[in-house]
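Subject: Handover of a structure, with notes

Dear colleague,

I am passing this structure on to you, and since it will be new to you, I have written down what was found in it. Please look at it before you read the notes that follow.

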Amino acid sequence: PMIEQCMVRYGSQEELMEDLCRLMKCVVQAMGARFKAYLGQFATACVNTFMASPLSCVLYVVTSLISTFGRDQEFVQPLVQMLEAFSNRTFQLLSSGAAFSQTPDIVTEYFELMAKGIRRFPQPILASPMGPTAFQCGVSSMYSDLHHREALEGITRFFGYVALADANERNPELHDQDKQAIAAFLVAQGPGPGGAGMQPRGASMLQGLIHGVTTKSSVLIEPVAMILLDLGKLLPQQKSEWINFGLQALRPDLVPDSAKQAFAVDTQKASDMRTMKIAVRALHRASKP
């Protein structure tokens, strides 16, 4: 009750909330599963606080709840509902392209939160309306004026865990179901970036990431290389098709045709992180944003 009252009273005071959320994250990590007696009340307090005053530190602390309880089937559905509430409020904040660069801390912590959720329970996240919307939001960020390093890392970590599809590795049956669900999600149709028509979500992801590599800092090189490698293991045929799709969608003046052709060939040949990073770095260096 004391923590809840503090959130109600000081929920809009960022410095105090940062200290409180840092404290509560330590409490959750120290107590582990024993914190379940307080989970519902604390999660509700966090949601109510974020609805009234959306601060990134609230997203930061609830990530620890996903880490601690996300593999326990008893808590998956309540945690999904919590994520839906945070997602709806975050989507309101990021409803315009300029909002990504204006609220980089929110972008960072939201996508770190969703990435953690994908590592714990991908199927209910991707089956919920928030899954496709978060995915589309991440793609849209690649076309915004966002250049904040941590925010870009959070977004690509979310995409990376989707492509990796390695949740629940210790449960072979559930692991296989997760991989099938993620593959189906990526192949399914969704709105393309910038109001484009319907296209496979995986195509939109690579279209956005390729655009990001050619217009943003080198921070995207390594995570995009890893995403391409993992996507090649999950959906090898589609990966090549989607890369070509993303290259064709680039502005003609952004990258020379020779660099596009080299990237398509080199990413097809790349079989390890070193060679894939070389291919992505070459595209980044050839760009003229």
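What span should the 21 residues of H5 have, and how far apart are the end C-alpha atoms of this helix? At 1.5 Å a residue the expected span is 30 Å, and the end C-alpha atoms of H5 are 31 Å apart, so the two values agree. Please keep in mind throughout that this is a predicted model.

Helix H5 is also a good place to start on the packing. Its buried residues are Phe-75, Val-76, Leu-79, Val-80, Met-82, Leu-83, Phe-86, Ser-87, Arg-89, Thr-90 and Phe-91, and these pack against helix H3 (36-52), helix H4 (56-69), helix H7 (104-120), helix H8 (122-127) and H9. To take one of them, Phe-75 lies in H5, which covers residues 73-93, and has a relative accessible area of 10%, which is why Phe-75 counts as buried, the cut-off being under 20%. Not counting residues up to four places away in sequence, Phe-75 touches Lys-36, Leu-39 and Phe-69. The C-alpha atom of Phe-75 is separated by 16 Å from that of Leu-174, a residue 99 places away along the chain.

In helix H9 (residues 130-141) you will find Ser-141, which is buried, with a relative accessibility of 0%. The side chain of Ser-141 reaches the backbone oxygen of Gly-138 at 2.5 Å, and, again leaving out residues up to four places away in sequence, Ser-141 touches Phe-100, Leu-146, Ile-155 and Lys-216.

The loop between helix H10 (149-164) and helix H11 (172-187) holds Ala-165, and Asn-168 lies in that loop between H10 and H11 as well. Ala-165 has a phi near 50°, a positive value in a residue other than glycine, while Asn-168, which is not a glycine either, has a positive phi of about 60°. Are these loop residues buried or exposed? Ala-165 is buried, with a relative accessible area of 3%, and Asn-168 is buried too, with a relative accessible area of 11%.

Turning to the interior, the largest nonpolar core has 95 residues, and those with the most contacts inside this core are Phe-158 and Leu-186. Leaving aside neighbours within four places in sequence, Leu-186 is in contact with Phe-135, Val-162, Pro-200, Arg-201, Gly-202, Leu-231, Leu-234, Leu-235 and Trp-242.

Finally, there are the cysteines. How many disulfides does a search of the whole structure find? The search finds zero. For Cys-21 the closest cysteine sulfur is that of Cys-57, at 3.9 Å, and because a disulfide needs the two sulfur atoms within 2.5 Å, this pair is too far apart for a bond. Cys-46 is in no disulfide either, as the nearest cysteine sulfur, that of Cys-21, is 6.3 Å away. Cys-21 is buried, with a relative accessible area of 1%, and Cys-46 counts as buried at 0% relative accessibility.

With best regards

Key
Residues numbered from 1 in each chain as written. Predicted model: local features only at pLDDT ≥ 70, side-chain atom pairs only at ≥ 80, totals over all residues. Heavy atoms only, no water. Helix = DSSP H or I, 4+ residues; strand = E, 2+ residues; numbered from the N terminus. Buried < 20%, exposed > 50% of the residue type's maximum accessible area, 1.4 Å probe, protein only. Contact = heavy atoms within 4.5 Å. Polar contact = N/O pair within 3.5 Å; in protein donor to acceptor, adjacent residues only side chain to side chain. Core = buried A, V, L, I, M, F, W, Y, C linked by side-chain atoms within 4.5 Å. Expected span 1.5 Å × (residues − 1).
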